[in-house]
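Visitor: I am new to this structure and would love a close look at one part of it. Could you take me to the aromatic rings and show me what surrounds them?

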Amino acid sequence: MAMSTAKAIQKDIPFWYRCFFLYIEPLSTVVGAYYACFQQQKYLDLTHGLSAPLTGIPTSTSIVLDQLANLYLLFALNEGLVLRSTSDQRVWRTMLFCLLLADIGHLYSVRALGVQVYWNVAKWNAIDWGNIGFVYGGAATRISFLLGIGFSPRPVNRRRRTKA
């Protein structure tokens with residue numbers, strides 16, 4: 001990355017957003033990819049232990065978990081590398097809007113666990129904190145970014161137009 005691009009990102013995007021979108025969330029998503037790919041039994045047990053297979057994971061389930069891991073990796077790379085490559089806020093806003101839609105889909109995907117899963121944090125396990133709590137935090141951070149919270153106000157261009 002060119003030094004001028006790095007400086008532009010540091011100047012244009014508030015620190016919290018850079019920290020969260022360039023480091024915290026991509027790394028957390030890679031952890032999810034690791035568990036979906038390499039710790040499949042644990043991933044299923046934490047997702048819904050009552051319906052997880054007791055011994056051996058069906059081939060179809062293993063394939064779906066590998067595909068999920070691949071999508072988590074894609075999510076992490078898109079967010080961490082695409083956003084790192086530019087200071088253009090239009091690109092950031094577009095990417096974060098798309099990820100916000102993915103957040104909504106991710107939250108919808110756990111609906112079979114019942115509505116209490118969305119609010120009963122006392123019953124959350126490690127994967128619930130990732131699937132729900134962390135997604136709430138990511139979505140809130142994306143919404144804050146899209147609303148311009150934390151950004152310096154842009155100066156108003158007060159130049160008068162001259163008649164030609």
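Guide: Read from start to end, the protein follows the pattern α-α-α-α-α-α, which comes to six helices and zero strands. Please keep in mind that this is a predicted model. Of the 164 residues in the protein, buried ones make up 34%.

Now to the rings. A search of the whole structure finds 14 aromatic pairs. In one of them, the ring centres of Tyr17 and Phe21 are 6.2 Å apart and the planes meet at 10°; that angle is under the 30 degrees used as the limit, so the pair counts as stacked. Both residues belong to helix α2, where they sit four residues apart, about one turn of the helix. Are these two buried or exposed? Tyr17 has a relative accessible area of 4%, so it is buried, and Phe21, at 0%, counts as buried too.

A second pair has another geometry. Trp124 and Trp129 meet edge-to-face, with 4.6 Å from centre to centre and 85° between the planes. Trp124 is buried, at 10% relative accessibility, whereas Trp129 is partly exposed, at 45%. The cut-off explains the two labels: buried means under 20% relative accessible area, so Trp124 qualifies and Trp129 does not.

Let us widen the view. Tyr17 and Phe21 also belong to one aromatic cluster, together with Trp16, Phe20, Trp92, Phe134, Phe145 and Phe151. One member, Phe134, is found in helix α6. With a relative accessible area of 27%, Phe134 is partly exposed. The C-alpha atoms of Phe134 and Asp103 are 9.9 Å apart in space, while 31 residues separate the two in sequence.

Helix α6 spans residues 126-147, and Leu147 is found in it as well. Leu147 is exposed, with a relative accessible area of 63%. Its C-alpha atom is separated by 9.8 Å from that of Arg93, and the two residues are 54 apart along the chain.

What lies in the protein's largest nonpolar core? That core has 13 residues, and those with the most contacts inside it are Ile13, Tyr17, Phe21, Leu83, Trp92, Leu96 and Phe145. Helices α2, α4 (59-84) and α5 (89-108) each supply at least two residues of this core. Apart from it lies another core, of nine residues, among them Ala33, Leu44, Ala52 and Ile127. Tyr17 and Phe21 therefore appear in this story as a stacked pair, as members of the aromatic cluster and as residues of the largest core.

Finally, come out to the surface. Trp16, from the aromatic cluster, joins Tyr23, Ile24 and Leu27 in a nonpolar surface patch of about 430 Å². Ile24 is found in helix α2, which covers residues 15-38. Its relative accessible area is 32%, so Ile24 is partly exposed. That value also explains how Ile24 can be part of the patch, because patch residues need over 30% relative accessible area. Tyr23, another residue of the patch, has a charged companion: Arg84 lies over the face of its ring, at 4.7 Å from the ring centre.

Notes: Residues numbered from 1 in each chain as written. Predicted model: local features only at pLDDT ≥ 70, side-chain atom pairs only at ≥ 80, totals over all residues. Heavy atoms only, no water. Patch = residues over 30% accessible without salt bridge, like charges linked within 9 Å, V, L, I, M, F, W, Y side chains within 5 Å. Areas by Shrake-Rupley, 256 points an atom, 1.4 Å probe, with all protein chains shown as cover. Salt bridge = Lys/Arg side-chain N within 4 Å of Asp/Glu carboxyl O. Buried < 20%, exposed > 50% of the residue type's maximum accessible area, 1.4 Å probe, protein only. Core = buried A, V, L, I, M, F, W, Y, C linked by side-chain atoms within 4.5 Å. Phe/Tyr/Trp six-rings, centres within 6.5 Å; stacked < 30°, edge-to-face > 60°. Lys NZ or Arg CZ within 6 Å of the ring centre and 35° of its normal.
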